[in-house]
Amino acid sequence: MIITVTMNPAIDKTADLAHFDHGGLNRLSGVIMDAGGKGINVSKTIHELGGETIATGFIGGSGGVLIEKALSELGIQSDFVFIKNEIRTNMKVVESNGLVTELNEPGPMIHKEEVNELTEKLVSYAKEDTLFIFAGSIPNGIDTSIYKTLIEKVKEKGAKVFLDADGELFINAIEAKPDIIKPNRHEIEKFFKMDYRADEKELLDMGNRLLDKGIHMVTISLGQMGALFLTKEQKLKCPGLKVEAHSTVGAGDAMVAALAYGLDQGLDLEECVKLSMAASAGAVTTKGTKPPKRELVDELMEKVIVIQCK
Ligand SMILES: Nc1ncnc2c1ncn2[C@@H]1O[C@H](COP(=O)(O)OP(=O)(O)OP(=O)(O)O)[C@@H](O)[C@H]1O
Ligand SMILES: O=P(O)(O)OC[C@@]1(O)O[C@H](CO)[C@@H](O)[C@@H]1O
């Protein structure tokens, strides 16, 4: 079973705008709302691909009720810890030239008892055939070592872990040796304190250094340029697929979802890679934070080119 953990969910509001006038009055059109937050998006994509997940994490307030309802209407199982405070709303502004500006709120204050409740819940789910996905930022009142602590606890019970996080959360969590990670270019460059754009050789080198830390698989996503998929045994790269982009929000989550689903289904690495390239490109074509349709993913899979890195 795949358990997604979203500590900082959000109602995503995606609005269209001809041109963003910084410092001026911007009148938005075509505002749509989606249940968001990285783990929740991962659950939505896994479900669309045909898999099963349980979405957990913190939810609260009217936004929390909306998210639970949205997941239940989709037929996605959830088991959240209900918190006292209201979850956040994140604004995504899509300009007509395709540029997306994201305005993410910090998230609610979480109390110690709420963290303890989630910890107990996760430990109770942890078994040898459980894959946990820890994804996204954390709300207020929680230490940045939380992912590290939780990864250690569930790994003790034999579970596997996929981590998609940034900054201090990522740095601390790496110490707990998650099985799979998916940093994007900026995240991995920041981790290795690079202040310029890494070339492919440097990206491979950074990926190898992370594998040496005991991580089984490192996927480095490169936006429209594609992605690198690295294990000790195999180093694969895929150029990005050409699609009509509407919003890149959630592309990374679709990639995480497809990789997790593929591995959980026992697909070989090359099949997992094709599925994740297709799902992430498919996610770019949807409006708002929506998963790609399975039929589109199947179509796009035929177009994925997998190259062995030298
Ligand atoms: N414009 C695009 N066209 C085609 N594929 C794209 C595009 N943008 C992203 N992708 C696909 O999505 C994957 C993940 O994108 P990216 O590297 O931007 O992840 P991310 O930064 O984690 O995304 P986010 O946090 O916005 O979900 C890429 O590796 C690629 O396969
Ligand atoms: O603020 P975080 O937790 O880093 O990211 C949250 C978020 O931007 O990520 C998802 C897209 O990946 C959106 O649904 C959501 O609004």
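**Exercise 1. Strand 1 and its neighbours**

Find which strand pairs with strand 1 in the parallel sense over five bridges.

*Solution.* Strand 1 pairs in the parallel sense with strand 4 (residues 53-59), over five bridges. Strands (E, at least two residues) and helices (H or I, at least four) are DSSP runs, numbered from the N terminus. Two strands pair if DSSP finds at least two bridges between them. One point of reference between strand 1 and strand 4 is Thr6, which stands opposite Gly57.

Next, take strand 9: four bridges join strand 1 to strand 9, and the two run parallel. Here Ile2 stands opposite Leu131.

Then check burial. A residue is buried if 20 or more other C-beta atoms lie within 10 Å of its own, exposed if 12 or fewer, and partly exposed in between, with C-beta atoms placed from the backbone. Five of the five residues of strand 1 (residues 2-6) are buried, so strand 1 is largely enclosed by the rest of the structure. Ile2, Thr4 and Thr6 lie on one side and Ile3 and Val5 on the other.

The model is predicted; local features need pLDDT of at least 70, side-chain atom pairs count only at pLDDT 80 or more, and totals for chains, interfaces and linings use all residues. Residues are numbered from 1 along each chain as its sequence is written, and chains are lettered from A and ligands numbered from 1 in the order in which they are written.

**Exercise 2. From strand 9 to the core**

Determine the bridge partner of Ile133 in strand 10 and the surroundings of Ile133.

*Solution.* Strand 9 (residues 131-135) and strand 10 (residues 160-164) pair in the parallel sense over five bridges. The bridge partner of Ile133 in strand 10 is Phe162.

Contacts come next; two residues are in contact if their C-beta atoms, placed from the backbone, lie within 7 Å. Leaving out residues up to four places away in sequence, Ile133 touches Ile2, Thr4, Val5, Gly39, Val42, Phe162, Val256 and Ala260.

Strand 10 is mostly covered, with five of its five residues buried. Lys160, Phe162 and Asp164 point one way, while Val161 and Leu163 point the other.

Finally, place Ile133 in the core. A nonpolar core is a set of buried Ala, Val, Leu, Ile, Met, Phe, Trp, Tyr and Cys residues joined through C-beta atoms within 7 Å. The largest has 82 residues, and Ile133 is among those with the most contacts inside it, together with Phe132, Phe134, Ala260 and Ala279. Helix 8 gives the largest share of this core, ten residues.

**Exercise 3. The four-stranded sheet**

State which strands stand at the edges of the open sheet.

*Solution.* The strand order is 3-2-7-8, with mixed pairing. Strand 3 (29-36) and strand 8 (100-103) are at the edges, each with a single partner strand, so one side of each is left without a neighbour in the sheet. Strand 2 and strand 3 run antiparallel and are joined by six bridges; in strand 3, Ala35 is the bridge partner of Ile11.

**Exercise 4. The ligand shells**

Identify the residues that come nearest to ligand 2 and to ligand 1.

*Solution.* A residue is near a molecule or strand if its C-beta atom, placed from the backbone, lies within 6 Å of it. Of 17 residues around ligand 2, the nearest are Gly36, Asn90, Asn104, Gly136 and Ser137. Around ligand 1 there are 22 residues, the closest being Ser221, Gln224, Ala251, Gly252 and Ser280.
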